[in-house]
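Q: Please take a close look at a single part of this model, the open sheets and the nonpolar cores, and describe in connected prose how they are built.

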Amino acid sequence: NSMRYLTYTNETAIADIVDNSFDAGADNVDISLNDTFITVTDDGCGMTPEVMSEAIKLGSDIEKDQGCLGKFGMGLVTASISMGRKLEVFSRDLYADKASKVVLSLDHIEETNNWEGLIEPVDKTVEDVLAKKEHGTIVKISQLDSVKPNLERSLTQHLRVVFRNFLAAGKVITINGSPLTPIDPLNRDLDDTDILVDDDIEMDGEKVHIVVAHIDTDKSDTRANKGDGNHIPVSYMDQGFYVVRNNREIAGAKILGSMKRHPEANRFRCEISYSGDLDDQFGINFTKNELNVCQALL
């Protein structure tokens, strides 16, 4: 039960599951939300039953290289149980003639005092869904007890920003059937945004890309104002640094200990992009939504 109370929000938990889909090579990720369950369906490479059994352990033998979005190999479990007490994973890899299913139930774990996944048969409806994709995975979270109301709206905004580079590159994420479009917090598509810096710096032999923007400089472009769903608004809480790891945002509108929030900085945005090889220097946390950047970079 203590593992259910990490620093996840509903939005960051679902984003963590989407990370696994993109790491599996998925081009399409479909998210369904309702009062009973949450599902994340992808057309990635799928998993064998052996890999599925590893994936639902707390700490597994599945290796993650620094180029992956996933980092610790535990996000599927911890993200899922932060929202509900039952996790079902259905998957079919390219070489399998049928799908497999593994279930992790917190009620079962409490009853048996044993952390184990249960292998169960796959019903025909799920089998047909994965058969149409030829390969892929469905993650289903049920017995929801820590999901906020009206999640769809906030999740849509969150994923549009976090996965903006993937969406811009042609990856597709849908929520309840509606495809997402990217949102760039630097508002680079607005005519009145000035890009002041767009360059690489070197840190411990690796490149860090820095973009500094002064957004909507003459204040005439109303698309940057509050209420526009396609841009981050000009506001006190949206100023600051946006940190991107392996093309995926992990922290937005942070001050990183290098500035103080002030109304005069409302139009300041800085995007810092780095590879997973610099995770130690950026101090990424377990749930990939906070960091503690080393002073050498600042």
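A: Two strands pair if DSSP finds at least two bridges between them, and strands (E, at least two residues) and helices (H or I, at least four) are DSSP runs numbered from the N terminus. This is a predicted model, in which local features need pLDDT of at least 70, side-chain atom pairs count only at pLDDT 80 or more, and totals for chains, interfaces and linings use all residues. Residues are numbered from 1 along each chain as its sequence is written, while side-chain values use heavy atoms and leave out hydrogens and water.

Strand 1 (residues 28–33) runs parallel to strand 7 (residues 172–175), and four bridges join them; within strand 7, Val172 is the bridge partner of Asn28. Both strands belong to an open sheet of eight strands with mixed pairing, in the order 5-4-3-6-2-1-7-8. Strand 5 (118–119) and strand 8 (178–179) each have a single partner strand, so one side of each is left without a neighbour in the sheet.

The largest nonpolar core (buried Ala, Val, Leu, Ile, Met, Phe, Trp, Tyr and Cys residues joined through side-chain atoms within 4.5 Å, where buried means under 20% relative accessible area with a 1.4 Å probe, protein chains only) has 41 residues, of which Ile14, Ile31, Leu159, Phe163 and Ile173 touch the most other members. Helix 1 (residues 10–23) gives the largest share of this core, six residues. Leaving aside neighbours within four places in sequence, Phe163 is in contact (heavy atoms within 4.5 Å) with Ala15, Val18, Asp19, Phe22, Leu69, Ile173 and Arg248. A second, separate core of 20 residues includes Phe241, Val243, Leu256 and Leu278. Phe241 also has a bridge partner, Lys254 in strand 12.

Methods: Buried < 20%, exposed > 50% of the residue type's maximum accessible area, 1.4 Å probe, protein only.
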